Amino acid sequence: MVRYAASPANPSKAAKSRGSYLRVHFKNTHEVAAAIQGLKLSKAYAYLNNVNEHKQVIPFRRFNGGVGRAAQAKEFGATQGRWPVKSVKFVMDLLKNAESNAEAKGLTVEDLYISSIIVNQAPKHRRRTYRAHGRINPFMSSPSHIEVVLNEKSEVVPRATDKKVVKLNARQLARNARLARA
């Protein structure tokens, strides 16, 4: 049994999925995960499909050095954004797997939301690139570990409408008794 970075509060109402050593850029995948964290599953699918069709953008907030500006990023209160197709594909595959796990558990798919999606760096793969004057430089890839936890939205319990009981301490009770006698 593998250990997840985030454990759900109620495991019977949650479904998990993870991918390790996935050959997809860590930085792009981190931004995709940040963009869909907390969304309902159906909304996340729609959003990621729009990203694939260049209708919506993934806002780049943390790893945004050299990232171009996109007008579509205004929707998210950002200026920079991209459409990382490969990262979106890997994240969607994991979401589908988590959804299947939820169905197998008997959870209702319509009520699922992404309670946690975490992207960590995996060990880099080394290659080499040949430079001028006979030198060699590293040519590294930055793979990722991704884990997804879907939770079922619990129904909201309405607040009790009966009158609130006022609890008084001993000093307040004595004071009230004294005022009642006078």
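1. A residue is called buried when its relative accessible area is under 20%, exposed when that area is over 50%, and partly exposed in between. By this criterion, 35% of the 182 residues of the chain are buried. The model under discussion is a predicted one, and the remarks below should be read with that in mind.

2. Overall fold. The chain contains four helices and seven strands. In sequence order, these elements follow the pattern β-α-α-β-β-α-β-β-β-β-α. The chain thus begins its pattern with a strand and ends it with a helix.

3. Overall dimensions. The radius of gyration of the chain is 25 Å, whereas a compact globule of 182 residues would have a value near 16 Å. The C-alpha trace spans about 105 × 40 × 35 Å along its principal axes. The student may wish to view the model along each of these axes in turn.

4. Contacts and surface. Among contacts in the chain with a separation of 6 or more, 67% are accounted for by residues 24 or more positions apart. The accessible surface of the chain comes to about 12,400 Å², and carbon and sulfur atoms contribute 52% of it.

5. Charges. The chain carries 33 positive and 12 negative charges, and the mean positions of the two groups are 14 Å apart. Side chains of opposite charge can pair when their charged atoms come close. In the whole structure, a search finds four salt bridges. Three of the pairs are taken up in the points that follow.

6. The pair Glu147 and Arg18. The side chains of these two residues meet in a salt bridge, with an N to O distance of 3.5 Å. The pair links distant parts of the chain, since Glu147 belongs to strand β7 (residues 144-152) and Arg18 to strand β1 (residues 14-22), 129 residues apart. Are the two partners buried or partly exposed? Glu147 counts as buried because its relative accessibility is 5%, below the 20% limit. Arg18, at 30% relative accessibility, counts as partly exposed.

7. The pair Asp93 and Lys89. These residues form a salt bridge in which the closest N and O atoms are 3.2 Å apart. Both lie in helix α3 (residues 85-105), four residues apart, which is about one turn of the helix. Asp93 is partly exposed, with a relative accessible area of 38%. Lys89 also counts as partly exposed, at 49% relative accessibility.

8. The pair Glu53 and Lys55. Here the closest N and O atoms of the salt bridge are 3.1 Å apart. Glu53 counts as partly exposed because its relative accessibility is 48%. Lys55 has a relative accessible area of 55% and is therefore exposed, the limit being 50%.

9. A charged residue without a salt bridge. Glu99 is located in helix α3. What is the nearest side chain of opposite charge to Glu99, and how far away is it? It is Lys96, at 7.4 Å; Glu99 is buried yet has no salt bridge. The reason is one of distance, because a salt bridge requires a side-chain nitrogen of Lys or Arg within 4 Å of a carboxyl oxygen of Asp or Glu. Leaving aside residues up to four places away in sequence, Glu99 touches Leu41, Tyr45, Val109 and Leu150.

10. Positive phi values. Two residues other than glycine deserve a check of the backbone. Tyr21, in strand β1, has a phi near 55°. Tyr21 counts as exposed, at 56% relative accessibility. His133 has a positive phi of about 60° and is found in the loop between β5 (125-130) and β6 (136-141). With a relative accessibility of 78%, His133 also counts as exposed.

11. The surroundings of Ile118. This residue lies in strand β4 (residues 112-121). Its C-alpha atom is separated by 7.7 Å from that of Ala5, although Ile118 and Ala5 are 113 residues apart along the chain. Not counting residues up to four places away in sequence, Ile118 touches Ala5, Ala6, His145, Ile146 and Glu147. Glu147 is also the residue that forms a salt bridge with Arg18. Ile118 is partly exposed because its relative accessible area is 22%, a value between the limits of 20% and 50%.

Note on methods
Residues numbered from 1 in each chain as written. Predicted model: local features only at pLDDT ≥ 70, side-chain atom pairs only at ≥ 80, totals over all residues. Heavy atoms only, no water. Helix = DSSP H or I, 4+ residues; strand = E, 2+ residues; numbered from the N terminus. Rg over C-alpha atoms; globule rule 2.2 N^0.38 Å. Buried < 20%, exposed > 50% of the residue type's maximum accessible area, 1.4 Å probe, protein only. Contact = heavy atoms within 4.5 Å. Areas by Shrake-Rupley, 256 points an atom, 1.4 Å probe, with all protein chains shown as cover. Lys, Arg positive; Asp, Glu negative; His and termini not counted. Charge placed at Lys NZ, Arg CZ, Asp CG, Glu CD.
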